[in-house]
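Biologist: I should be grateful for a close look at one part of this model, namely the interface. Please describe how the two sides are related and what is found between them.

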2 protein chains.
Amino acid sequence: MIRTGEAMAAENIYYIGLDLGCTFLKYALGASDGSLIVKKKTPSRADQAQSVIFEVIFSAIEELMEEAKTRGGKVVAIGLGSPGAVDFKKCRLIGNTPNLQSWGNAEIRKTITGRFGLPIWADNDANVMALAEATQGAAKGYKYVIALTLGTGIGGGILIDGEIYRGINYAGAELGHLSIAYDGHPCNCGGRGCIEQYASAPAMVRNYLDKIKDASEEVTTITIFARAAEGDQSAIETIDETAEYLGAALASIINTFNPEIIVIGGGVADAGEEFLTRIRHAYEGRTMKPALKGLKLVRAKLGNDAGVVGAISLAKKMYEQSQ
Amino acid sequence: MIRTGEAMAAENIYYIGLDLGCTFLKYALGASDGSLIVKKKTPSRADQAQSVIFEVIFSAIEELMEEAKTRGGKVVAIGLGSPGAVDFKKCRLIGNTPNLQSWGNAEIRKTITGRFGLPIWADNDANVMALAEATQGAAKGYKYVIALTLGTGIGGGILIDGEIYRGINYAGAELGHLSIAYDGHPCNCGGRGCIEQYASAPAMVRNYLDKIKDASEEVTTITIFARAAEGDQSAIETIDETAEYLGAALASIINTFNPEIIVIGGGVADAGEEFLTRIRHAYEGRTMKPALKGLKLVRAKLGNDAGVVGAISLAKKMYEQSQ
C-alpha cells in the first residue's frame with residue numbers, strides 16, 4: 001500500500017547544510033533523503049566582525065528557505081560545520097578559532113534559532129565531514145569509521161557505532177595532533193611530532209624543498225606528485241616518507257580504535273590510488289594483526305561537498321531523533 | 001516502605017570473578033553490590049594443556065558456588081578477565097595468547113556455561129581492569145576513562161560513556177602499542193616505537209642499564225626509584241625520560257579521546273605521587289588546551305584485586321542487562 005499523503009509530506013521536508021570556512025560559506029538545501037537539491041557558496045567575510053559573518057549566514061538561510069518554499073516545501077532544521085571546537089550540546093564555539101578570529105565563542109543556536117525559529121545543530125568541520133562520508137560517501141553503511149583530511153592541516157573525525165565521537169569537552173578526535181615522534185617537529189598546538197607537521201600539504205612541500213635545497217621554488221603537492229611521476233627522486237622520496245609517516249600514525253589509530261574503514265580526504269589524497277596503496281603498506285607493516293582483519297582504506301568521495309552534505313546529515317539525524 | 005522479601009533476594013545473589021594470568025588464576029565471590037566476599041588464588045598451570053587450565057577454572061567455580069550456598073545464596077553469573085583478544089559476543093579467545101600458549105582459541109562460554117549452566121562474560125584483562133577502576137576504584141563515577149597498566153607490558157583500557165570500548169573485531173584499546181617514535185625501537189607486535197618499548201618495567205630497566213653501562217646488574221624498577229631517591233643521576237634521568245615518553249603517548253591519547261580521567265596502574269605506577277606529577281607535567285606541555293580542562297590523572301586503587309573486581313563488575317553489568 002502506498003500512502004500518498006505520507007510520501008508527499010516527506011518530500012516537502014528540507015534541510016539546510018552550512019559549511020563555514022575561512023574563505024567561503026558553502027550552503028546547500030537537502031531533500032528528506034539527505035541528497036543535495038541546491039548548492040552555492042559566498043565569501044564568508046572571515047576578516048570582519050562576528051555580526052558580519054552571521055549576516056552572511058542569515059542571507060544564505062533566507063535564500064534557501066525561499067528555495068524550499070518555491071518547491072512547495074519547508075525547511076525543518078539546519079546543520080552547520082565550523083572550524084574550532086564546538087560545544088555540541090549548547091551549539092556554540094568553545095574559545096577561539098585561529099583562522100576565523102572573530103568567530104570565537106559564537107552563539108550559533110541562540111543567534112540562528114532566535115532569528116528563524118528553526119532548530120540548528122553545529123559541530124566541528126572535520127566531524128561533519130566524517131559524518132558525510134559515513135552517510136553519503138565512501139564509508140556509507142560503516143559504523144566504526146576514521147576520517148582524515150589532509151590539507152593545510154590534518155583534520156580528524158571518528159565515528160563509533162555510527163555516532164560522531166566528541167569526548168567529554170568536545171575536544172576529541174584531533175587526529176592531526178597525534179604525535180609520531182616524541183622529540184620531533186614542534187607543532188602550533190604546543191605539542192611535538194604531530195602528524196600534521198609531517199603529512200599535511202605544507203609539511204610535504206617543506207620536506208621536498210629541504211631535499212632539493214631550493215626554498216625559493218613555488219611548489220604544491222600537485223607539483224610534487226607530478227614530478228614523482230616523471231621520476232624526480234626527491235619527489236619520490238617525499239611521497240614515500242609521507243606515506244610512512246601516515247602509516248605510523250594510522251598504526252596507532254588502528255591499534256587503538258580497531259575501525260572498519262579509514263577514509264582519507266583532502267588535497268593530498270587526490271593524488272590517487274597508488275599513494276593510498278603506499279599508506280596501506282606502511283600501516284600494515286606496523287599494526288597488530290587482529291585489528292587489520294577486514295580493514296578498508298579508501299579515498300573520500302564527496303570532495304568539496306563533504307561539508308554541506310555532512311551538515312545536512314547532522315541536521316536530519318538530530319531532527320529525526322528530536323521528533 | 002521496606003520490602004524485606006526483595007532486599008533478601010538481592011542479598012542472596014552472588015557473582016564469580018575470575019582473573020586468569022600466566023602464573024595464577026585469581027578468583028573471588030562478589031556480593032550483589034559488587035564488593036568482594038572471598039578472594040583466593042591458585043596456580044593457573046599455564047604451561048599445560050587447555051583442558052588442564054579449564055580444570056583449574058572449574059575447581060575455582062565449584063569452590064565459590066559452594067561458598068555462596070553456605071551463605072544461603074546462589075551464584076547467578078560469572079565474569080572472566082583473560083590475556084589476549086577476546087570475542088566479547090561469542091565469549092571465546094581470538095587466536096593465540098603468547099604468554100598462555102595452550103589458551104589460544106579457548107571456547108570460554110561453551111565450556112563453562114556447558115558445565116555449570118551459568119551465564120559467563122569474558123573480556124581482555126586490561127579492559128576488565130579499566131572497568132574495575134571505573135566501578136569500584138580510582139575512576140568511580142567517571143564515564144570517559146583511560147586506564148594504562150605499566151608492568152611487563154603496557155595494557156590499555158578505554159571506557160566511553162561508561163562502556164568498555166572494544167572496536168569492530170575486539171582488537172582495540174591496545175594503548176601499549178601506540179607509537180611515540182615512527183623510527184624508534186622495534187616492538188614484538190611488529191610495530192616501531194610502541195610506548196611499551198619505552199615505559200614498561202623492562203624498558204625502564206633496559207634504559208637504566210644502558211646509562212650505567214653494566215648489563216650484568218640485577219635491577220628492577222623498585223631499585224631505580226630507590227636509587228633516584230638517593231640521588232643516583234642515571235636513575236633520575238631514567239625516571240624523567242620515562243615520564244616524558246608517557247607524556248608523549250598520553251598527549252596523543254588526550255587529543256584523540258578527550259577523557260575525564262586517566263588511571264595509571266601496575267608496578268611502575270606504585271612509585272608514587274611524584275612520578276605521576278612528572279607524567280602530568282609532561283603531557284600538559286604537549287596536549288591541546290581544550291582537552292586538558294578538568295582532566296584528572298590518578299593512580300589505580302585496586303592493585304592486585306583489579307582483575308577479579310572487574311570480572312565481577314562485568315558479570316553484574318551484563319547479568320542485569322540480560323534480566
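Modeller: The model is a predicted one, and the rotation axis is a convenient place to begin. Of the residues of chain A, Ala181(A) comes closest to that axis, its C-alpha lying at 2.2 Å. The contact surface is the same in both copies, for 100% of the contact residues of chain A recur in chain B. The superposition itself is described by a turn of 180° with a shift of 0.0 Å along the axis, which lays chain A on chain B with an RMSD of 0.0 Å. The two chains are therefore related by a two-fold axis.

As to the extent of the interface, 41 residues of chain A are in contact with 41 residues of chain B. The size of an interface is often expressed as the accessible area that is lost when the parts come together. Between chain A and chain B the buried area is about 3,500 Å², and carbon and sulfur atoms give 57% of it.

The polar side of the interface can be described by two counts. Between chain A and chain B there are 28 residue pairs in polar contact, both residues of each pair being at pLDDT 80 or more. By contrast, zero salt bridges are found across this interface, a salt bridge requiring a side-chain nitrogen of Lys or Arg within 4 Å of a carboxyl oxygen of Asp or Glu.

Enclosed space remains to be considered. The structure holds three cavities of 30 Å³ or more, and the largest of them contains about 50 Å³ of space. Both chains contribute to the lining of the largest cavity: from chain A come Ala248(A), Ala251(A), Ser252(A), Asn255(A) and Arg286(A), and from chain B come His177(B), Ser179(B), Gly191(B), Arg192(B) and Cys194(B). By character, this lining comprises three nonpolar, five polar and two charged residues.

Notes. Residues are numbered from 1 along each chain as its sequence is written. Chains are lettered from A and ligands numbered from 1 in the order in which they are written. This is a predicted model: local features need pLDDT of at least 70, side-chain atom pairs count only at pLDDT 80 or more; totals for chains, interfaces and linings use all residues. Side-chain values use heavy atoms; hydrogens and water are left out. On a 1 Å grid over the protein atoms alone, a cavity is a set of points where a 1.4 Å probe fits but cannot get out, and a pocket is an open set with protein on both sides within 12 Å along at least five of seven lines; lining residues have an atom within 4 Å of a point. Grid points are joined across faces, edges and corners, and a volume is the space filled by probe spheres set on the points. Ala, Val, Leu, Ile, Met, Phe, Trp, Tyr, Cys and Pro count as nonpolar, Asp, Glu, Lys and Arg as charged, and the others, Gly among them, as polar. Copies are superposed by least squares on the C-alpha atoms of residues with pLDDT of at least 70 in both. Contact means heavy atoms within 4.5 Å. Buried area is the accessible area (1.4 Å probe) that two parts lose on being put together, summed over both. A polar contact is a pair of N or O atoms within 3.5 Å; within protein, one must be able to donate a hydrogen and the other to accept it, and residues adjacent in sequence count only if both atoms are side-chain atoms.
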